[in-house]
Amino acid sequence: MNMPLATARPPATTMDGGPAGAANGPGATNGGPGGDPDDGDDSGTDGRVDGTAQEPSSPGIGSAEWDLLTDGVRWNAETYQLLGCDPGHGPLSLDRLPDRLPEADRPVLRRMMTDALVHGRVAVGTLRVRRADGLREYVECAGEPVLGPDGTVTALRMVLRSVSLT
């Protein structure tokens, strides 16, 4: 199943919507402990690289964004739940994302990351995620690269949702 992704956006801004090279604004996190990806600020931006407001998410739909220039990471509450992570520990960086998957699914994630980050293509895949309770959940992921003015990938946006494979 294909999950729609947004089309091209102005790429030369930071996670807080400011000009490239500016410091991250409130609510942008680096994925470390104590970061608060959902600081309750309803100022009209949700930390996306282009600073536009995200439409309200549907139940069970996760959204995540990794800014490669600032190491800023933003997850909505559903992403924590889908990936079985504790919001108190902050979002995972891209290099820690494979930790949530069984070894057999890591090549799928590597292919997706290569497609998006190296080749600048939309990446779609279904992964089994290990939850804290030991159960595994199938999560469909669709990611799109955000390109900078010079054509290099500056961020990765991803939407996730739980799927049942019956």
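Contact here means heavy atoms within 4.5 Å. The legends below all describe close-ups of a predicted model.

**View 1. Thr-79 in helix α1 and the residues around it.** Let us start with a threonine in helix α1, which spans residues 77–83. Setting aside neighbours within four places in sequence, Thr-79 is in contact with Gly-62, Ser-63, Ala-64 and Leu-160. Its side chain reaches the backbone nitrogen of Ser-63 at 2.9 Å. Is Thr-79 buried or exposed? Thr-79 is buried, because its relative accessible area is 0% and buried means under 20%.

**View 2. The open sheet and the order of its strands.** Here you can follow 5 strands in the order β2-β1-β5-β4-β3, with antiparallel pairing. Which strands form the edges? They are β2 (73–75) and β3, and each of these pairs on one side only. From one strand to the next, the twist averages 20°. As a reminder for reading this view, strands of a sheet pair through backbone hydrogen bonds, either parallel or antiparallel.

**View 3. Strand β3 beside strand β4.** Strands β3 and β4 (residues 136–147) run antiparallel and are joined by 8 bridges. Two places are worth picking out along the pair. Gly-125 has Cys-141 as its bridge partner in β4, and Val-129 stands opposite Glu-137 in β4. The hairpin of β3 and β4 has 5 residues between the strands, and Gly-134 in this hairpin takes a positive phi near 90°.

**View 4. The two faces of strand β3, with helix α2 lying across the sheet strands.** Strand β3 covers residues 123–130. Which residues make up its covered face? They are Ala-123, Gly-125, Leu-127 and Val-129, while Val-124, Thr-126, Arg-128 and Arg-130 make up the uncovered one. Helix α2 (residues 106–118) lies across β3, β4 and β5 (153–162), and runs at about 145° to β3.

**View 5. Arg-106 in helix α2 and the residues it touches.** This arginine is found in helix α2. Beyond its neighbours within four places in sequence, Arg-106 is in contact with Pro-98, Asp-99, Leu-101 and Arg-130. A polar atom of the Arg-106 side chain lies 3.0 Å from the backbone oxygen of Pro-98. Arg-106 has a relative accessible area of 18%, and it therefore counts as buried, the cut-off being under 20%.

**View 6. The cavity and its lining.** How many cavities of 30 Å³ or more does the structure hold? There is 1. The largest cavity has a volume of about 100 Å³. Its lining consists of 13 residues, and those nearest its centre are Leu-83, Leu-97, Leu-127, Cys-141 and Leu-160. The elements giving two or more residues to this lining are β1 (61–67), α1, β3 and β5. Some names will be familiar from the earlier views: Leu-127 belongs to the covered face of β3, Cys-141 is the bridge partner of Gly-125, and Leu-160 is in contact with Thr-79.

**View 7. Asp-71 in the loop between β1 and β2.** Most residues other than glycine have a negative phi. What is the phi of Asp-71? It is near 65°, a positive value in a residue other than glycine. Asp-71 is exposed, because its relative accessible area is 55% and exposed means over 50%.

Definitions and conventions. Residues numbered from 1 in each chain as written. Predicted model: local features only at pLDDT ≥ 70, side-chain atom pairs only at ≥ 80, totals over all residues. Heavy atoms only, no water. Helix = DSSP H or I, 4+ residues; strand = E, 2+ residues; numbered from the N terminus. Buried < 20%, exposed > 50% of the residue type's maximum accessible area, 1.4 Å probe, protein only. Polar contact = N/O pair within 3.5 Å; in protein donor to acceptor, adjacent residues only side chain to side chain. Pairing = 2+ DSSP bridges. Axes fitted to C-alpha atoms, helices over the stretch in contact; angles between N-to-C directions. 1 Å grid on protein atoms, 1.4 Å probe; cavity = no way out; pocket = protein on both sides within 12 Å on 5 of 7 lines; lining within 4 Å. Points joined across faces, edges and corners; volume = space filled by probe spheres on them.
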